[in-house]
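Please examine the sequence and the structure shown below. The report that follows concerns helix packing and backbone geometry.

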Amino acid sequence: MKIQGIAAASGISIAKIVKFEPVTILEQTEIGTTEQELAKLTQAIADSKIDLQQLEAQTAERLGTSEAEVFGAHLLVLQDPEYIDTIEALIHEGSGAKQAIESVQNQFMTLFLALDDDYMKERAADVKDVSQRLMRKVTGTTESLSDYKEPVILVAHDLAPSDTAKLNAEFTRGFITEKGGKTSHSAIFARSLQIPAIVGATGILSEVQSGDIAIMNGETGEFFINPTTEQLEHYEALRQEQIEKRLGLQALLSEKTVTKDGHHAELAANIGSLNDAQKALEQGAEGVGLFRTEFLYLERDTAPTEQEQFKVYRDVLTAMGERPVVVRTLDIGGDKVIPYLNMPKEDNPFLGLRAIRLCFANEELFRTQLRALLRASSYGNLKIMFPMISSIDEILQAKQWLAEEKEALIGQNVEVSDFEIGIMVEIPSAAILSPVFAKEVDFFSIGTNDLIQYTLAADRMNETISHLYEPFHPAIVSLLKLVIDSAHAQGKWVGMCGEMAGDSAAIPLLVALGLDEFSMSAPSILAARKQINSLSKEALQEKLQQTLQQSTAEGIRAIWH
């Protein structure tokens, strides 16, 4: 039997199916006094916080800081006064702790799921995961998952982030869920764990039994239940090819990334911590193209001190040695909120007080980060990048404050080494003004995720309009060419740190355009190196000229596929 789902994480697996059933939470048979139920809730919250902090740390160590961020969001749920106060109010009205938590879970999930925003719908999953954890605590229900001792493919209705993060990659050969999309937490974790995954397989639980043999293809979303001998032989051969291909990439670890006609492209990694930097080196990264510093500011009650930040920047620069490290200054706002900054509620926070705008509004916070970066400059190859620049005034203001802090540090006999200054080109105005900006900075890094969604007015998290979020749109290609040409005209280099940089379908076009640096998730680096090393920039120029004559994304894709 062949069934089709949504391809979420690539790879072919052949293994026995295990139907994953989340543990049934025990009912609360006895309800104590109000004080006793409140005490149970308080203890459950305290224990859950410890669990989540450990899970966040373990996930950061195992998968990276970006993936661990989801558990930071879970901790925020436990600190949400509206969520906790509503539970406590129900307990005061006579509910048991478990009943109160379940009721509030359902209220919040109904609220989030009714919203049109896919990002907010993901918050429903966060509330459910946290609430289930609290209910297990107050009822003494033992957690489940997943101590398998043989290779299995998990089939489930859904997998919570906390379940997915704990999957044993040695024996979990893949998972298939009825729910979920490509941007769900479980899909993101699967890609980080390099476990094949298929989501959105509606009705799959009723079609399979534990013990069935399955073939799953994470690249196509196909899976076969109790396959024929011919199917087994065919997919086993494909699986072996993939393994050999992956092993073959290891030979490229210490190689340079150079096209056949001699053009060097730097392959860098997007990171959020020292641990990420170390993993990037293990994957052959030639530098760090994007060091997200916002993780230093989240999950704490006060801003990190200059000394705390200095140590982190110093350690990352030291780990990377002579390799370049592009550090993006604080990019907070939008979906990332820092409670201690008392950030105002905004109708459209993604277009509001965020990134460089928020830094200008919190001068001492920004200057503290600049000082920490300058002090760390003598430990490596530092490049400071300002996010969400939209006008020349903003880059001049940022450079002025940076120069003032540099002068002050030198006046205190603090060593400050040479460094480069760049901006993230992620707003159409920045791309259009790139000929002007190129005279003021040392480099550009194109943030395609935002540049595409702002240019095309298409929310990249909204699956209902996902067809409008199109990297190959002629307007996007034109902006990329303008930015790259403008920088090169001034002798400056251009990187890219959005998802497009790691997209194998887009890499030939970007090579043809002359992109100098590609920054991506570390596991993608070796495959990108192999691809770029097989290309000739000169030979791609005819395709590029054809591309620039196209008026549709379909026309451009047809040229490069």
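The text below treats one pair of packed helices and then two residues with positive phi.

The model is predicted, so that local features need pLDDT of at least 70 and side-chain atom pairs count only at pLDDT 80 or more, while totals for chains, interfaces and linings use all residues. Residues are numbered from 1 along each chain as its sequence is written, and side-chain values use heavy atoms, with hydrogens and water left out.

**Helix packing**

Helix α1 (residues 34-62) packs with helix α2 (residues 65-78) at an angle of about 170°, and their axes lie 8 Å apart. Helices are DSSP runs (H or I, at least four residues) and strands likewise (E, at least two), numbered from the N terminus. Axes are lines fitted to C-alpha atoms, for helices over the stretch in contact, and angles run from 0 to 180 degrees between N-to-C directions. The angle makes α1 roughly antiparallel to α2 (over 145 degrees). On α1, the contact (heavy atoms within 4.5 Å) includes Ile45, Leu52 and Glu56; on α2, Phe71, His74 and Leu78 are among the residues involved. The residues of this contact divide into eight nonpolar, six polar and three charged. Here Ala, Val, Leu, Ile, Met, Phe, Trp, Tyr, Cys and Pro count as nonpolar, Asp, Glu, Lys and Arg as charged, and the others, Gly among them, as polar.

**Positive phi**

Neither alanine 355 nor methionine 388 is a glycine. Each is buried (under 20% relative accessible area, 1.4 Å probe, protein chains only), as tabulated.

| Residue | Phi | Place | Relative accessible area |
|---|---|---|---|
| Alanine 355 | about 55° | helix α11 (residues 355-361) | 0% |
| Methionine 388 | about 55° | loop between β12 (381-386) and α13 (392-411) | 2% |

Note on methods
Angles under 35 degrees count as roughly parallel, over 145 as roughly antiparallel, 65 to 115 as roughly perpendicular and the rest as oblique. Buried means under 20% relative accessible area, exposed over 50%, partly exposed in between (1.4 Å probe, protein chains only).
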